Amino acid sequence: MDNNKLKKLVAKEAVTQISDGMIIGLGTGSTMKYVLEYLSDQVKNGLNIYGIPTSENTAKLAKQLEIPLLSFKEVNRLDLAIDGADEVDANFNLIKGGGGALLREKIIADSSKSFIVVIDKTKLVEQLGAFLLPVEIIPFGWEITAQKVESLGGVSTLRNFYNQPYVTDNGNYILDCDFGFIDNPGNLEKNLNSIIGVVDSGLFINMTNKVLVSDEHSIKTLDNIM
């Protein structure tokens, strides 16, 4: 079964976690595209929900699919957030940010009563680090910030888009960092966030309540007892 079919399977299962009246954090990425499409079908069939998107791309697609949206001006707590991940380890820690929306994704995950991650089986790993770790940074003085990030033991590359620095929805840059396999993700997250110029990293530590994993045969639900 190809990856798109796996993504569709897990996306359809994720929508079953949504109940009438919920306010939902809507993640970013290829799997979330299918979540939004299935959610749109439910809304058109009478499901009463509101979403808060994690990126401008998600907001645009949600509007096209007629999913009603809110902002944090109107609410201060979400019932549920659904998002993908680039890697999920055995302790429910994540690397996110391949799509460039890590900061908004983290704000929404942190503001939700429950955070559900939807992935296919290829994203499950024993140890984080095969996927480059995105780190969102302030553009001013980014070169010195990159040096400080590398002083923690990694190699960083400024993300580019059409030969220009990639700019996030927040107006920042992203460093894609190779730290090898990460022995202590929590410690690395704290050290990265202590660097002036770093906005946040794509390490999501102790935030995930549930992971839905698709393979060729079924959807596996992994619950994190937090």
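The lining of the second largest pocket divides into 3 nonpolar, 8 polar and 6 charged residues. Keep in mind that this is a predicted model. The pocket itself holds about 190 Å³ of space. Of its 17 lining residues, Thr-28, Gly-29, Gly-84, Ala-85 and Asp-86 are the closest to the centre. Helix α2 gives the largest share of that lining, 3 residues.

How does the lining of the largest pocket divide into nonpolar, polar and charged residues? There the split is 6 nonpolar, 10 polar and 3 charged. This pocket has a volume of about 250 Å³ and is lined by 19 residues. Nearest its centre you'll find Thr-28, Ser-55, Asn-57, Thr-58 and Gly-99. Thr-28 is thus named among the central residues of the largest pocket and also among those of the second largest. As for helices, α2 (30-44) and α3 (56-64) each put at least two residues into the lining of the largest pocket.

Now for the greasy part. The largest nonpolar core has 24 residues, and Ile-18, Leu-39, Ile-49, Ile-67, Ile-82 and Val-118 have the most contacts inside it. At least two residues apiece come from α1 (3-15), β1 (23-26), α2, β3 (80-83) and β6 (115-120). Helix α2 turns up again here, giving the most to this core with 6 residues.

What is Ile-82 in contact with, once its neighbours within four places in sequence are left aside? The list runs to Ala-14, Ile-18, Gly-25, Leu-26, Gly-27, Met-32, Val-35, Ile-116 and Val-118. Two of these partners, Ile-18 and Val-118, are also on the list of residues with the most contacts inside the core. A second, separate core has 20 residues, including Val-125, Leu-128, Phe-179 and Ile-182.

On to the charged pairs. Side chains of opposite charge can pair when their charged atoms come close. The structure holds 9 salt bridges, and a few of them are set out here.

| Pair | Closest N and O atoms |
|---|---|
| Glu-37 and Lys-33 | 2.8 Å |
| Glu-56 and Arg-104 | 3.0 Å |
| Asp-200 and Lys-106 | 3.0 Å |

Glu-37 and Lys-33 make a local pair: both sit in helix α2, 4 residues apart, or about one turn of the helix. Glu-37 counts as partly exposed because its relative accessibility is 29%. Lys-33, at 37%, is partly exposed as well.

The salt bridge between Glu-56 and Arg-104 reaches further along the chain. This pair links distant parts, with Glu-56 in helix α3 and Arg-104 in helix α4 (residues 102-110), 48 residues apart. Glu-56 is partly exposed at 44% relative accessible area, and Arg-104 is partly exposed at 23%.

Are Asp-200 and Lys-106 buried or exposed? Asp-200 has a relative accessible area of 12%, so it falls under the 20% cut-off and counts as buried. Lys-106 is buried too, with a value of 9%. Their side chains meet in a salt bridge at 3.0 Å, N to O. Asp-200 belongs to strand β12 (residues 198-201) and Lys-106 to helix α4, so the pair ties together parts that are 94 residues apart in sequence.

Finally, there is a network of salt bridges, which links Asp-83, Lys-96 and Glu-105.

How values were computed:
Residues are numbered from 1 along each chain as its sequence is written. This is a predicted model: local features need pLDDT of at least 70, side-chain atom pairs count only at pLDDT 80 or more; totals for chains, interfaces and linings use all residues. Side-chain values use heavy atoms; hydrogens and water are left out. On a 1 Å grid over the protein atoms alone, a cavity is a set of points where a 1.4 Å probe fits but cannot get out, and a pocket is an open set with protein on both sides within 12 Å along at least five of seven lines; lining residues have an atom within 4 Å of a point. Grid points are joined across faces, edges and corners, and a volume is the space filled by probe spheres set on the points. Ala, Val, Leu, Ile, Met, Phe, Trp, Tyr, Cys and Pro count as nonpolar, Asp, Glu, Lys and Arg as charged, and the others, Gly among them, as polar. A nonpolar core is a set of buried Ala, Val, Leu, Ile, Met, Phe, Trp, Tyr and Cys residues joined through side-chain atoms within 4.5 Å. Buried means under 20% relative accessible area, exposed over 50%, partly exposed in between (1.4 Å probe, protein chains only). Contact means heavy atoms within 4.5 Å. A salt bridge is a side-chain nitrogen of Lys or Arg within 4 Å of a carboxyl oxygen of Asp or Glu.
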